[in-house]
Amino acid sequence: MEKDCGMWINVLSRKLKKRMNANMQSLGITGVQSRVMHYILVKCVDGPVFQRDVESAFGLSRSTATGILQLMEKNGLILREREASDARLKVLTPTAKAAHLDAQVDEYLHQTEQCLTNGLSSVQLALFLETAAHMSANLDR
């Protein structure tokens with residue numbers, strides 16, 4: 001059986017998740033937690049980061065994002081505090097522990113990206129990113 005686009009994306013997703021989890025295990029976090037933590041650390045410089053921002057950036061449902069963020073809070077990576085002007089919103093604030101781990105997380109993310117794109121030309125990489133964005137938009141319709 002020949003692999004179609006969906007199957008290739010599924011295979012790549014599983015392999016990437018497995019590698020990320022293995023890399024981040026030494027830091028006591030999962031691959032997805034590392035990406036979310038890094039996102040929050042980068043975005044909080046520009047202003048408050050909310051759960052809905054994480055949901056949107058990672059394409060997560062509210063319940064999935066809640067589960068990830070609750071575990072991150074329990075593990076001391078973030079604080080989730082109600083927004084003063086709107087109690088429905090939770091401001092996500094990275095902790096000192098998250099800031100301490102970020103250099104190593106950034107290095108692991110960079111290494112994984114290098115491994116993933118090794119041997120691809122800049123044209124191939126640009127075409128892949130454009131194609132992936134187009135496929136994502138197709139699935140949103």
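Let's start with the largest pocket: 34 residues line it, and Ile9, Leu12, Ser13, Leu16 and Phe128 are the ones nearest its centre. Keep in mind that this is a predicted model.

How much room is in there? The volume of the largest pocket is about 1,500 Å³. Several helices help to build its wall: H1 (5-25), H2 (31-43), H3 (51-58), H5 (96-117) and H6 (122-140) each put at least two residues into the lining. H1 gives the largest share, with eleven residues.

There is also a second largest pocket, holding about 200 Å³ of space. Its lining is made of Phe50, Gln51, Arg52, Glu55, Arg62, Arg88, Leu89 and Lys90. Here H3 gives the most, with three residues.

Here is how the two linings break down by class.

| Pocket | Nonpolar | Polar | Charged |
|---|---|---|---|
| Largest pocket | 19 residues | eleven residues | four residues |
| Second largest pocket | two residues | one residue | five residues |

How do you find pockets like these? Rolling a probe the size of a water molecule over the atoms shows where empty space is left.

Now for a single residue, Ser85. Where does Ser85 sit? Look in the loop between strand S1 (78-82) and strand S2 (90-94). Is Ser85 buried or exposed? Its relative accessible area is 66%, and exposed means over 50%, so Ser85 counts as exposed. Try finding Gln70 as well: Ser85 and Gln70 are 15 residues apart along the chain, and their C-alpha atoms are separated by 22 Å.

Technical notes:
Residues are numbered from 1 along each chain as its sequence is written. This is a predicted model: local features need pLDDT of at least 70, side-chain atom pairs count only at pLDDT 80 or more; totals for chains, interfaces and linings use all residues. Side-chain values use heavy atoms; hydrogens and water are left out. Helices (H or I, at least four residues) and strands (E, at least two) are DSSP runs, numbered from the N terminus. Buried means under 20% relative accessible area, exposed over 50%, partly exposed in between (1.4 Å probe, protein chains only). On a 1 Å grid over the protein atoms alone, a cavity is a set of points where a 1.4 Å probe fits but cannot get out, and a pocket is an open set with protein on both sides within 12 Å along at least five of seven lines; lining residues have an atom within 4 Å of a point. Grid points are joined across faces, edges and corners, and a volume is the space filled by probe spheres set on the points. Ala, Val, Leu, Ile, Met, Phe, Trp, Tyr, Cys and Pro count as nonpolar, Asp, Glu, Lys and Arg as charged, and the others, Gly among them, as polar.
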